[in-house]
Amino acid sequence: MRIVMFGAYDPEYARNRVLRLGLGRLGVDVQECRAPPRARFVRRSATLGWRVRRVLPATAFLVPEFRHKDVPLARLIATLNGTALVVDPLVSRYDTKVGDWGTTAAHALQAGHNQRIDRAALAFADLVLCDTQAHAEYYQTAYRVRPDRCAVVPVGFDDTVFAPIPEPPPGPFRVAFFGSYLPLHGIDTIVAAAIRLAAEGVQFLLVGQGQTFGHVEAARAAGLTVEVSAPLAPPALVERLRTAHVLLGVFGTSAKVARVVPNKVYQGLALGRAMVTADTPALREFFTPGEHLLAVRPGDPEALVDAIRRLRDDTALRLRLGATAARYVHASFNPRTVARRLIAAGHHVLGWEDIGG
């Protein structure tokens, strides 16, 4: 079986690494037909069209996350070669830019443009990968994707990098967040919690940069002491997180938050650290609050403060959550298990050989 990852995608993005690793462990021949992520349409299409000859024949083309614009070309090439097309959108462009980022008004021409790109990408796919059932239901409702063409394949994590780490050395109680500061991350809620806990000696480490980093800058200008770091490659990130007692997930209030379980949740739990994140329908598809992590109301800094205090004051709870979650995610969301769900969906929907028990 050969699966070709196709498009102007980032090969090091976490979702891609997990699928490549997992498919490889199942014995699938994974090939790449890739163009530079920032290449314009004509150059991108020409590059992909030229390089695809090197990877044929194939069982399927897989267009990775965020590459909705590459789906029409992938559909054409797949059809000409009698090959199935799997699309892994991860998000809706319309939902992201209108509902989450708020950079485009709902009735603007650009919003309609992104909606059409979403619709085409989903309609052209023989199989649509969805990171959660909540996301699958969104695609089915908003874009009329048939349920039998949707497969839930959770994000998972790269277990060659994210493995349990020892307890932090003695010192102040430390809480860490890492991410790209998207609105759905709810950094304003995290900063508000840090302000409330500053007098109690709780230290915060914030790794990354992005759209909402201004909340951090404003709080620091007003006197809040927090440690910040530029984005780090995964191995360096793991080293930086060794001093943290608790890791934070996402706390935004957009509708999108209720449909996703981000990379950072799987990655943080894989490290064996207790985690706090927003309580959402998507989260509860895979995790049980109180057993694997603590979940709080989205956008509620007081609830986040209470959860952090609880983990600070109850060491047994914190250690139990971390250990239980690490065992669970390493068993259920490792690359092989995630890829196995993709292969099972391909078997059911597209008639692939059912490999890798």
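These are my notebook entries on the pocket, the core, the cysteines and some backbone oddities of this structure.

**Entry 1: what I am looking at.** I am working from a predicted model, so every value below is computed.

**Entry 2: the pocket.** I began with the largest pocket, which holds about 1700 Å³ of space. I counted 49 residues in its lining, and those nearest the centre are Tyr13, Phe66, Ser180, Leu182 and Asn263. I then asked which elements give two or more residues to that lining. They turned out to be helix 1 (14-25), helix 4 (93-100), helix 9 (234-240) and helix 10 (263-270). Sorting the lining by class gave me 26 nonpolar, 14 charged and 9 polar residues.

**Entry 3: the core.** Next I pulled up the largest nonpolar core, a set of 33 residues. The members that touch the most others are Ile190, Phe204, Leu248, Val276 and Ile308. I picked Ile308 from these and skipped its neighbours within four places in sequence. That left Phe173, Val175, Leu197, Val202, Phe204 and Leu248 as its contacts. Two of the names there, Phe204 and Leu248, are also among the core members just mentioned. Background note to self: nonpolar side chains in soluble globular proteins tend to be buried together.

**Entry 4: cysteines.** How many disulfides are there? I get 0. I checked Cys150, whose closest cysteine sulfur is the one in Cys130. The sulfurs are 4.2 Å apart, so that pair is too far for a bond; the cut-off is 2.5 Å. Cys150 has a relative accessible area of 15%, so I wrote it down as buried. Cys33 is also buried, at 1% relative accessibility.

**Entry 5: backbone oddities.** I keep in mind that most peptide bonds are trans and that most residues other than glycine have a negative phi. Against that, the bond from Leu56 to Pro57 is cis, with omega near 0 degrees. I found Pro57 in the loop between helix 2 (41-51) and strand 3 (60-63).

Phe66 has a positive phi of about 70 degrees, though it is not a glycine. I place Phe66 in the loop between strand 3 and helix 3 (71-80). Is Phe66 buried or partly exposed? Its relative accessibility is 35%, so it counts as partly exposed. Phe66 is also one of the pocket residues from Entry 2, lying nearest the centre with four others.

Leu90 has a positive phi too, near 70 degrees. I see Leu90 in the loop between strand 4 (84-87) and helix 4. Its relative accessibility is 9%, so Leu90 goes down as buried.

Notes: Residues numbered from 1 in each chain as written. Predicted model: local features only at pLDDT ≥ 70, side-chain atom pairs only at ≥ 80, totals over all residues. Heavy atoms only, no water. 1 Å grid on protein atoms, 1.4 Å probe; cavity = no way out; pocket = protein on both sides within 12 Å on 5 of 7 lines; lining within 4 Å. Points joined across faces, edges and corners; volume = space filled by probe spheres on them. Helix = DSSP H or I, 4+ residues; strand = E, 2+ residues; numbered from the N terminus. Nonpolar A, V, L, I, M, F, W, Y, C, P; charged D, E, K, R; others polar. Core = buried A, V, L, I, M, F, W, Y, C linked by side-chain atoms within 4.5 Å. Buried < 20%, exposed > 50% of the residue type's maximum accessible area, 1.4 Å probe, protein only. Contact = heavy atoms within 4.5 Å.
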